[in-house]
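The exercises below are meant to be worked through with the sequence and the structure in view. Each task is followed by a solution in steps.

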Amino acid sequence: MEGHKEPLWLRVEGSHCSLSEMDDFDLTRALEKPRQLKIERKRSFDERSMSELSTGYARQDSILEMAHSPGSRSMVDTPLSVRNSFEPHPMVAEAWEALRRSMVFFRGQPVGTIAAYDHASEEVLNYDQVFVRDFVPSALAFLMNGEPDIVKNFLLKTLQLQGWEKRVDRFKLGEGVMPASFKVLHDPVRKTDTIVADFGESAIGRVAPVDSGFWWIILLRAYTKSTGDLTLSETPECQRGMRLILSLCLSEGFDTFPTLLCADGCSMVDRRMGVYGYPIEIQALFFMALRCALSMLKPDEEGREFIERIVKRLHALSFHMRSYFWLDFQQLNDIYRYKTEEYSHTAVNKFNVMPDSIPDWVFDFMPLRGGYFVGNVSPARMDFRWFSLGNCVSILSSLATPDQSMAIMDLLEHRWEELVGEMPLKICYPCIESHEWRIVTGCDPKNTRWSYHNGGSWPVLLWTLTAACIKTGRPQIARRAIDLIESRLHRDCWPEYYDGKQGRYVGKQARKYQTWSIAGYLVAKMMLEDPSHIGMISLEEDKQMKPVIKRSASWTC
Ligand code: GLC
């Protein structure tokens, strides 16, 4: 790894791009021409939606073309599953019915969907609540189906909840924290509805959900993009909500890295799993939320300062992630040969990673062509595990460069057995077991090897995979994953997760009729049918952020 040189794209220069070239994230204009930005942003949501139909590196027609072109690179290892995905599958109607059954109403208005509608399960725990992260695929399904009201209500309701005073024992949480989940209580006698929310003070482990605020911002943009209704995101309440979330994650402290420091269990993996520190899932969501906020914040007196801070942070964050979290064959070889205990600015091994700490499996796992963002990077600690959500969101947010995005998809194809197996998609790979499981999870009986968060397979992840496939112009990979899902998910009653090395078994403690498994399937199907939907959940690469990776792009060798 070379020393830090100021990369080209850090030097923000004036540019003269036309309106049509304006992306959601234009650094120069964001900083210099706030007034213009507002007008252009207004236009952007309606005018640009056409130009961003496929949002990715392949346009819709070329996507279809590629699926039938045997010479295209993405066809390697992918069987020609040219089954027409546009035929309605019987599961689709069932899924819609199940999704509607999961809807939660507050004073007669739909405000979300419950996590699972599993009456057979003895323990309800908190699965009867509306989880912010779980509602995202439901929201996308409703938006894609032209039903934005429930999404708007959800955004407003959670915004109200954000305003609550939040405490764990005697400690007061930050104002901007969004709830992990909320529950509507119906009093049939008094005929009143009330809400209780959980910001981490009831959650197992008492961790605040760092991802909730990010998903909220991402969803606000999806709503805006899908409906063209700017009035919601422009309300003083939404603007304030965004600023509160941003103040939490942009505050200055002792950090020496632009990444966000987190406790274990603060996102989808909401139990102790060794994801404390700088987990890829949070960094990718952070990056995406910053970009989404940038496209929606008004450059007024209060907003302008945040816009400036976001722009600076995005520069630093993308450099850090693309340089230090990225792993491919070449980089692995470089780390393997690292010297340690280097001091001063000239250090190559900046975080003092001990080559002996590289786990054996990664040497076999890494193909010559392909790569991914590792799970975590902090002093003397690289978590080499592959996490699917973080990598897919990196593609969608364009945190990954186009080459890196392609490499992530190459790896997926190459390691299909390991990462997808019989049920899409592994939450992470590989699992941890034995002594390591004892130490890292604290002997968690739910997270035993190849189960739940420890290498389990989660059908909900199908939608992020499908979106990433469409964006990179490789829909046939998604089609293959959807085929697998369609062979079992409905028959197994839409479980929350599957267990085993191949993801063959319904998870030990998996809920049935898990809403995000249902909604994730619907979103994947709708996106594949109409790839233009991806625009609401994807951001184009910023043209001023030139790739900085200096190490070899293994897939071009
Ligand atoms: C589990 C999952 C979490 C999810 C919740 C509700 O706790 O780990 O990610 O939000 O269930 O489905």
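Helices and strands are here DSSP runs, with at least four residues for a helix and at least two for a strand, numbered from the N terminus. The model is a predicted one.

**Exercise 1. Locate Ser102 and decide whether Ser102 is buried or exposed.**

Solution. Begin with the place in the chain: Ser102 sits in the loop between helix H4 (90-101) and strand E1 (103-106). Next, take the cut-off, by which buried means under 20% relative accessible area. Ser102 has 1% relative accessibility and therefore counts as buried. Finally, list the contacts: leaving out residues up to four places away in sequence, Ser102 touches Gly112, Thr113, Ile114 and Thr515.

**Exercise 2. Classify Phe182 and Gln160 as buried or exposed.**

Solution. First, assign the elements: Phe182 belongs to strand E6 (residues 181-187), while Gln160 belongs to helix H6 (residues 149-162). Second, apply the cut-offs, under 20% for buried and over 50% for exposed. Phe182 has a relative accessible area of 0%, so Phe182 is buried. Gln160 reaches 52% relative accessibility and so counts as exposed. Third, look at distances between C-alpha atoms. Phe182 and Gly112 are 70 residues apart in sequence and 9.4 Å apart in space; Gln160 and Gly241 are 81 residues apart along the chain and separated by 9.1 Å. Beyond its neighbours within four places in sequence, Phe182 is in contact with several residues, including Val111, Phe154, Leu161 and Ile195.

**Exercise 3. Describe the surroundings of the ligand and state which residues make polar contacts with ligand oxygen atoms.**

Solution. Start with the shell: the residues around the ligand are Ala115, Tyr127, Phe131, Arg133, Asp134, Met268, Asp270, Tyr452, His453, Glu496, Gln514 and Trp516. Sorted by class, this shell has six nonpolar, two polar and four charged residues. Then consider the polar contacts. A backbone N or O atom of Met268 lies 2.8 Å from a ligand oxygen atom. In the side chain of Gln514, an N or O atom is 2.9 Å from an oxygen atom of the ligand. For Tyr452, a polar side-chain atom lies 3.4 Å from a ligand oxygen atom. To finish, the ligand taken alone exposes 310 Å², and the protein buries 95% of that.

**Exercise 4. Find which residues touch the most other members of the largest nonpolar core, and which helix gives its largest share.**

Solution. The core holds 166 residues, and Trp216 and Tyr372 touch the most other members. Its largest share, 13 residues, comes from helix H10 (residues 280-296). For the chain as a whole, 61% of the 557 residues count as buried. The chain has 20 helices and 13 strands.

**Exercise 5. Identify the cis peptide bonds and the positive phi values at the residues treated below, and place them in the chain.**

Solution. As background, most residues other than glycine have a negative phi, and most peptide bonds are trans. The bond from Pro424 to Leu425 is cis, with omega near 5 degrees; Leu425 lies in the loop between helix H16 (416-419) and strand E11 (428-429). The bond from Tyr429 to Pro430 is also cis, with omega near -10 degrees, and Pro430 is in the loop between E11 and helix H17 (434-441).

Turning to phi, Ser344 has a positive value of about 90 degrees and lies in the loop between helix H12 (329-336) and helix H13 (360-365). Cys493 has a positive phi near 65 degrees and lies in the loop between helix H19 (475-488) and strand E12 (498-499). With 24% relative accessibility, Cys493 counts as partly exposed.

Terms used
Residues are numbered from 1 along each chain as its sequence is written. This is a predicted model: local features need pLDDT of at least 70, side-chain atom pairs count only at pLDDT 80 or more; totals for chains, interfaces and linings use all residues. Side-chain values use heavy atoms; hydrogens and water are left out. A residue is near a molecule or strand if one of its heavy atoms lies within 4 Å of it. A polar contact is a pair of N or O atoms within 3.5 Å; within protein, one must be able to donate a hydrogen and the other to accept it, and residues adjacent in sequence count only if both atoms are side-chain atoms. Accessible areas come from the Shrake-Rupley method with a 1.4 Å probe; for residues, only the protein chains shown count as cover. Ala, Val, Leu, Ile, Met, Phe, Trp, Tyr, Cys and Pro count as nonpolar, Asp, Glu, Lys and Arg as charged, and the others, Gly among them, as polar. A nonpolar core is a set of buried Ala, Val, Leu, Ile, Met, Phe, Trp, Tyr and Cys residues joined through side-chain atoms within 4.5 Å. Buried means under 20% relative accessible area, exposed over 50%, partly exposed in between (1.4 Å probe, protein chains only). Contact means heavy atoms within 4.5 Å.
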